[in-house]
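Here are a few exercises to work through with the sequence and the model side by side. Try each task before you read its solution.

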Amino acid sequence: MKNKKSIGHLAALLTIIIWGTTFISTKVLLVDFKPVEILFFRFIMGYAALLMICPRRLKGVERKQEVTFMAAGLCGICLYYLLENIALTYTMASNVGVIISVAPFLTAILTHLSMKSEEKLRLNFFIGFAVAMAGIIFISFSGSKLELNPKGDILAVIAAFVWAYYSILTKKISSYGYSIILTTRRTFFYGILFMIPTLFFFDFHMELSRFTNITYLLNILYLGLGASALCFVTWNFAVKVLGAVKTSVYIYMVPVITVVTSVVILHEQITVLSGVGAFLTLIGLFLSESKIGKKGGDRNGFTK
């Protein structure tokens, strides 16, 4: 069991490392693609990849379980990414980065409420959250000023809530006992289905000829096969093994991975604030993870 939890932590870490570097591929594709086009193509590709890996059908799904799959697809695949992308058109990327990083805290609160007396959070989780958020604020606003933009900031808050709810739905789905690849594929299916009507509002263009550009093709492959197909499977596995709260805490690392990637790949200079912020974020992560889930906290697969 301990070995399985170690694998769960590695799965969460791998997921966050890939998700923390997707901004590079997105930045490249945004030259000729709209955000909603990137979103649609990556999840279509992710769904196709999971279908090829495991072509068998998901059988014996009950009606209530199907509703959970639909809700997970709506929240984690459609709404979260759309809200995040729309928020970025109204407010600064640094604002969105900080607000989205509140998702682990919201996940903990929603999980606590859904588990009622079973789900207790320790003081170190809240201390870790405060330290990590301080670090993320240093990273996000290094070299830029804090500027509130209510419309975009509120959308980012809603996106964080949506992801928190998705995390709880993912944990619920993991209790059904189905293959993680099949459940992830089913979630993708509903996410894409809910996404299709929104394409008409965002001036979506198919134009597959754009992928004759090898740079665009490689970057959408990275987003579709890596950040979508692989990462949602590894993330869902981590949630199943560690619980929604413990896994969500890894989201704190996304800004740190982004800073490191910017320095190593884009050769950007790291500022003192960014360095301090990265250190504080890692400390906050370790504090949050240190004791949550001990002393009978895994009876229901959730962490305490």
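**Exercise 1. Find the place of Glu207 among the helices, then say what its phi and its accessibility are.**

Step 1: Glu207 sits in the loop between H9 and H10; helices are DSSP runs of H or I with at least four residues, strands are runs of E with at least two, and both are numbered from the N terminus. Step 2: The model is predicted, so local features need pLDDT of at least 70 and side-chain atom pairs count only at pLDDT 80 or more, while totals for chains, interfaces and linings use all residues. Residues are numbered from 1 along each chain as its sequence is written, and side-chain values use heavy atoms, with hydrogens and water left out. Step 3: Glu207 is not a glycine, yet its phi is positive, at about 35°. For background, most residues other than glycine have a negative phi. Step 4: Glu207 has 43% relative accessibility and counts as partly exposed, because buried means under 20% relative accessible area, exposed means over 50%, and partly exposed is in between (1.4 Å probe, protein chains only).

**Exercise 2. Which loop holds Asp203, and what is its phi?**

Step 1: Asp203 is found in the loop between H9 and H10. Step 2: Its phi is near 55°, a positive value in a residue other than glycine. Step 3: With a relative accessible area of 46%, Asp203 is partly exposed.

**Exercise 3. Is Lys246 buried or exposed?**

Step 1: Look for Lys246 in helix H11, residues 244–248. Step 2: The relative accessibility of Lys246 is 12%, so Lys246 counts as buried. Step 3: Now pick out Gly76, which is 170 residues away from Lys246 along the chain; their C-alpha atoms are separated by 18 Å.

**Exercise 4. Describe the fold of the whole protein, starting with how many helices and strands there are.**

Step 1: The protein has 13 helices and zero strands. Step 2: Its radius of gyration is 19 Å, close to the 19 Å that the globule rule gives for 304 residues, so the protein is as compact as a globular protein of that length. That radius is taken over C-alpha atoms, and the rule is 2.2 Å times the number of residues to the power 0.38. Step 3: Along the principal axes, the C-alpha trace spans about 55 × 55 × 35 Å. Step 4: Of the 304 residues, 53% count as buried.

**Exercise 5. Which residues line the largest cavity, and which helix gives the most to that lining?**

Step 1: On a 1 Å grid over the protein atoms alone, a cavity is a set of points where a 1.4 Å probe fits but cannot get out, and lining residues have an atom within 4 Å of a point. Step 2: The largest cavity has a volume of about 100 Å³; points are joined across faces, edges and corners, and a volume is the space filled by probe spheres set on them. Step 3: Its lining residues include Ala72, Tyr166, Tyr178, Asn236 and Lys240. Step 4: H8 gives the most, with four residues. Helices H8 (150–174), H9 (180–199) and H10 (214–242) each supply at least two residues of this lining.

Methods
On a 1 Å grid over the protein atoms alone, a cavity is a set of points where a 1.4 Å probe fits but cannot get out, and a pocket is an open set with protein on both sides within 12 Å along at least five of seven lines; lining residues have an atom within 4 Å of a point.
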